Amino acid sequence: MKVNIRTSLAFNEIFGHWKFEVSLPDTSTFRDLMDKLDRDHGERLGPYVFEGEERSLSTQIMFMVNGRNIRFLNGEQTILENNDQITLLLPAGGG
Amino acid sequence: MYKGGYTGKILRVNLTDQTSREEELSFDTAKDFIGGAGFGIKYLFDEVPANADALGPDNKLIFSPGPFSGTNVPCASRMAVTAKSPLTGAVGMGLSGGHFPVEMKFAGYDALIIEGQSKEPVYLWIKDNEVKFKGAKKLWGMKTTDTQQIIKNDLKDQNVRIACIGPAGENQIKIASIINEWRAVGRKGLGAVMGSKNLKAIAVRGTNKVDIAFPDKLKEARKSFTKAMKDSEVLYPAFANLGTGMVVDHTCHMGIFPTKNYSSTGEYDPIEKIGVEVQTSRTVTKEHCYGCPVGCSQVKLAKTGDYAGTLSEGPEFETMYSFGGITGVENIDAIIAADRLADEMGFDTISSGVSIAFAMELYEKGILTKEDTGGIELHFGNDKAMMTLLHQMSYREGLGGTLADGTKIAAKKIGKGSEKYAMHVKGLELPAYDVRGAKAHGLNYATSFTGADHCRGYAFQEVFGIPIPKEVDRFAAEGKGALTKWNQDIRTAVTDAPTMCAFIFDMAVIGIAAQNTADLMEAVTGMSYTTDDVLLVGERINNLARAFNVREGFTRSDDTLPERLLTEPISGGASKGHFITKDELTLMLDDYYAARGWDKQTGTPTRERLTSLNLAYVADELKL
């Protein structure tokens, strides 16, 4: 399956785009997606999205699936579906 | 006698008889209201009679910096300006930064209360304790930058700080702003109030210092504050280098950047046209408010076409929405030029842009015709049409004249079902968040004492995912009543009353804000506050402002949102399908009034709640 990813600020430089697609095996979880992105972009991405020795997902980043923060879904175990829209947002402010 | 922070003096100026006098700041007022918005709303309620004409001599215009303004507390050069709003009929209060607020303190005043109405155009010249009324006939008709420069030349002092109006304020359009330096008290038509008083400008120069009660304690309190700033994940380098403009991308990603008058939010996504990358291609320098190490304000230079060479401080995120997203204008240089035009003419970028977007949708739907527009092809995205209308609005000409008092009044004039497309609450146009995807933010729009105002109870939990005081699901309606009360009260208490920068609150000190405010108050003024006391100040001000509105006839039925947000789902993007159902709004309002301890049927504060906030006299006034 494919998911659509949108990112902001420094993420755009790491991924080279602010909007791109990623292919994943069916029934992948959000964690699977992050691990794949980490493998592809690890050295620069890892420090942003993981924290602690257990490498849990950072509390500073807004991780969203179809607009909903994964904290209100099933966290990093949220099962992804084909064409899901994933959003990774670095802390922002103002307005 | 005040130990520090406060000068202890209020300057009262009567324009009708051209007199002025100093009054003592009551200790109880200082303790209960802190300053800024607190002082403004206190004097507004106490001194402006019920049902006063907002553009008549009974309305008052109150300028009030905070106790930290003029000290070395960072990010404290702000002031509230308060009057009854001619746009909404409710409390009109907004804040501005820059340098004017500290100059007021250096001149020796905690507040300036302007009363009456001058027969002829005048400007005020306040140099320390000397007040002069100067003729302003030759300034009348002048744009705001020129006004400030000519006054400086007249006074032979280039260091004078000036707050003034442009042609829009002179013509009393109800979305007129007040401009000081390049900053604005943009919203609620306070520039029209100034215009109605024939007051073109206020020039201030002060040579005094602001005392500090306990300098050693201030060092400690400052240390906590600046540490929080340095530790912020957002402030440096992102916010310092990008400013508020980065929120265009952020809200587009969340599917809540409103586009084309809320008809295509999420579906039409202008990141590549007006997002932060394009914005920074126009940035040439930055501006700092007095005592601010961040300098978020990004000065931009338009580079193409008819707009080339036009400079503007900004446009801020809100203006990228109002002259960009909501009008569908994709030309960054047009947005920069429109921002400059709004500041020069002196009107609110948000209300003017939303009013034009409203007209654009009416034109697209055939409710307005080419005859109505004077031949303008008023389609979404037409930047030239936007510029023409903005100019017309300043002088009440053509279709711009119909739009010059905002969408609520324009819809009444136009009729033909146009109210459905008028995006306002209580007459104040919606700011840049499609609250169908951020429901506490929406409840704040519905209940804020100024109308649809993102500066009152900003739901940063929903917009930026900040988990303080807790994590919230932005699409849920449950639990948003108490959250909105908290957001409104804390923001009032730690930013609007002490006049601290709201951005620093959101991005850096939020976790320590109530304690830090208490610490700063003790260090600077010598007055003791607990964190509960600080939050109570916020609650007290929100109750008093609500009481003002109740006295003006506002009830629960006015606490609502535009019909479109309650019936039409967002059409695309990350918030697709979401909206605030009428049942959800009812639920959130019930929860909100319960959290506030207000009457659920009417939305009126109860005598018990007012009395507990030391506002029993307000209950008497409302005959509760």
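Below, a visitor asks about a predicted model of chains A and B, and a guide answers.

Visitor: What should I know about the model before we start, and which pLDDT do side-chain atom pairs need?
Guide: Residues are numbered from 1 along each chain as its sequence is written, while chains are lettered from A and ligands numbered from 1 in the order in which they are written. The model is predicted, with totals for chains, interfaces and linings using all residues, local features needing pLDDT of at least 70, and side-chain atom pairs counting only at pLDDT 80 or more.

Visitor: Happy to begin with helices: are helix 14 and helix 17 of chain B roughly parallel or roughly perpendicular?
Guide: Helix 14 (residues 349-364) and helix 17 (residues 407-414) of chain B pack with their axes 10 Å apart, at an angle of about 30 degrees. Helices here are DSSP runs of H or I with at least four residues, and strands are runs of E with at least two, numbered from the N terminus. Angles under 35 degrees count as roughly parallel, over 145 as roughly antiparallel, 65 to 115 as roughly perpendicular and the rest as oblique. Helix 14 and helix 17 of chain B are therefore roughly parallel.

Visitor: Which residues of helix 17 of chain B make the contact with helix 14 of chain B?
Guide: Two residues are in contact if their C-beta atoms, placed from the backbone, lie within 7 Å. Helix 14 of chain B brings Val354(B), Ser355(B), Phe358(B) and Leu362(B), and helix 17 of chain B brings Thr407(B), Ala410(B) and Ile414(B).

Visitor: Is Met360(B) buried or exposed?
Guide: Met360(B) sits in helix 14 of chain B. A residue is buried if 20 or more other C-beta atoms lie within 10 Å of its own, exposed if 12 or fewer, and partly exposed in between. Leaving aside neighbours within four places in sequence, Met360(B) touches Asn261(B), Thr327(B), Leu378(B), His379(B) and Phe380(B). With 28 other C-beta atoms within 10 Å, Met360(B) is buried.

Visitor: In the open sheet of chain B with the order 13-14-15, which strands stand at the edges?
Guide: The 3 strands of this sheet are paired antiparallel, and two strands pair if DSSP finds at least two bridges between them. Strand 14 (residues 297-301) and strand 15 of chain B, for instance, are joined by 3 bridges. Each edge strand has a single partner, so one side is left without a neighbour in the sheet; the edge strands are strand 13 (283-287) and strand 15 (311-313) of chain B.

Visitor: Turning to where the chains meet, which strand of chain A gives the most to the side that touches chain B?
Guide: The contact takes 20 residues from chain A and 29 residues from chain B. On the chain A side, the elements giving two or more residues are strand 5 (62-65), strand 6 (68-69) and strand 7 (85-89). The one that gives the most, with 3 residues, is strand 7 of chain A.

Visitor: Where is Pro469(B), which follows a cis peptide bond?
Guide: The cis bond joins Ile468(B) and Pro469(B), with omega about 0 degrees. Pro469(B) lies in the loop between helix 19 (460-463) and helix 20 (480-496) of chain B.

Visitor: One last backbone point: is Lys623(B) buried or exposed?
Guide: Lys623(B) is not a glycine, yet has a positive phi of about 55 degrees. Lys623(B) belongs to the segment after helix 27 (616-621) of chain B. With 7 other C-beta atoms within 10 Å, Lys623(B) is exposed.

Notes: Axes fitted to C-alpha atoms, helices over the stretch in contact; angles between N-to-C directions.
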